[in-house]
Amino acid sequence: MVRLITFLLIVIPSILYAAVYEIVEPDFVETAKAFAQTEEFKELALKEQNRQIDMIKASKGELLLQALNDSEYDVEYYYTLPQDMPKVDRNGNIVGILYPKGYTFAPLKFMKMAPPPLIIYNPCDKEELELVNDICKIYDKNYQRYILLTSGCSLEEMSKLELGTNNRFLLDKDSVKKFNLRYTVSVVTADLIKGVFNVKVFSKHKNYNTNK
């Protein structure tokens with residue numbers, strides 16, 4: 001009997017207060033909708049939008065050092081399967097495991113066509129920009145396309161430069177790690193025979209004859 005009375009003393013007030021709370025507390029969704037229509041919210045949203053835009057404009061990509069001398073090195077690249085790769089027959093049925101999870105291999109050795117070269121540079125540096133323009137003339141002759149990655153030059157600064165119509169992307173951490181990038185200007189090409197990436201580093205302090 002004592003247990004029953006104790007239970008009722010605890011539970012009944014909880015039920016009563018919960019019911020009162022639900023009646024008094026305004027609906028959160030409706031409150032949020034109402035706030036979204038206020039000038040205060042619109043000002044906060046615009047301020048946050050401008051902050052995000054300023055951050056994007058100020059983005060400079062991952063920063064690399066400028067090369068003082070020319071150099072060249074190879075980068076081995078391996079990929080490890082995060083899960084089993086199934087073996088599939090001619091009818092599309094899975095008949096086993098072709099390569100197990102954890103299998104590591106060099107993807108370049110399985111490619112029939114090399115990916116486009118990567119050219120990494122700082123377009124805000126006039127000498128590097130001129131050097132890359134000369135390098136691009138060489139690659140225009142030998143490749144159908146190449147990819148430009150920028151380091152140390154903000155998007156806002158680049159918008160003020162006459163850089164032509166080629167697409168440019170900010171250098172990211174994954175590319176720096178994957179290709180062991182250290183300096184600008186660097187040109188990354190794939191060697192399918194050796195199964196490695198070749199990185200050529202060019203110093204802006206040297207002159208290059210692109211007519212050869």
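**Figure 1. The disulfide between Cys 124 and Cys 153 in this predicted model.** The torsion about the S-S bond of Cys 124 and Cys 153 is about 55°, so this disulfide is right-handed. It ties together parts that are 29 residues apart in sequence: Cys 124 belongs to the loop between strand E7 (118-121) and helix H4 (126-142), while Cys 153 belongs to the loop between strand E8 (147-150) and helix H5 (155-159). The S to S distance is 1.8 Å, a value to keep in mind if you plan to build a topology from these coordinates. As a reminder, a disulfide is a covalent bond between the sulfur atoms of two cysteines. The structure holds one such bond. Its two ends are covered to differing degrees: Cys 124 is partly exposed, with a relative accessible area of 33%, whereas Cys 153 is buried at 0%. Another cysteine, Cys 136, is buried too, with a relative accessible area of 7%.

**Figure 2. Phe 105 and Phe 110 meet edge-to-face.** Six aromatic pairs are counted in the model. In this one, the ring centres of Phe 105 and Phe 110 are 5.6 Å apart and the planes stand at 90°, so the pair is edge-to-face. Are the two partners buried or exposed? Phe 105 has a relative accessible area of 18% and is therefore buried, the limit being under 20%. Phe 110 has 53% and is therefore exposed, the limit here being over 50%. Both rings belong to one aromatic cluster, which they form with Tyr 79, Tyr 99 and Tyr 103.

**Figure 3. Phe 179 and Phe 197 pair across the sequence.** With ring centres 4.8 Å apart and planes at 90°, Phe 179 and Phe 197 form an edge-to-face pair. The pair links distant parts of the chain, 18 residues apart: Phe 179 sits in the loop between H6 and E10, and Phe 197 in strand E12 (residues 196-201). Phe 179 is buried, with a relative accessible area of 6%. Phe 197 is buried as well, at 7% relative accessibility.

**Figure 4. Arg 182 places its charged end over the ring of Tyr 73.** Where along the chain is Arg 182 found? Look in the loop between helix H6 (173-178) and strand E10 (183-184). The charged end of Arg 182 sits 4.3 Å from the centre of the Tyr 73 ring. Tyr 73 is also among the contacts of Arg 182 once neighbours within four places in sequence are left aside, and Leu 64 and Leu 65 are the others. From Arg 182 to Gln 66 there are 116 residues in sequence, but 8.5 Å in space, C-alpha to C-alpha. Arg 182 itself is partly exposed, with a relative accessible area of 39%.

**Figure 5. Lys 178 lies over the face of Tyr 77.** Here is another charge placed over a ring, with Lys 178 at 4.6 Å from the ring centre of Tyr 77.

**Figure 6. The whole protein, for orientation.** The close-ups come from a protein with six helices and 12 strands. Of its 212 residues, 26% count as buried. Among contacts with a separation of 6 or more, 66% join residues 24 or more positions apart. The accessible surface comes to about 15,700 Å², and carbon and sulfur atoms hold 57% of that area.

How values were computed. Residues numbered from 1 in each chain as written. Predicted model: local features only at pLDDT ≥ 70, side-chain atom pairs only at ≥ 80, totals over all residues. Heavy atoms only, no water. Helix = DSSP H or I, 4+ residues; strand = E, 2+ residues; numbered from the N terminus. Buried < 20%, exposed > 50% of the residue type's maximum accessible area, 1.4 Å probe, protein only. Contact = heavy atoms within 4.5 Å. Phe/Tyr/Trp six-rings, centres within 6.5 Å; stacked < 30°, edge-to-face > 60°. Lys NZ or Arg CZ within 6 Å of the ring centre and 35° of its normal. Disulfide = S-S within 2.5 Å. Areas by Shrake-Rupley, 256 points an atom, 1.4 Å probe, with all protein chains shown as cover.
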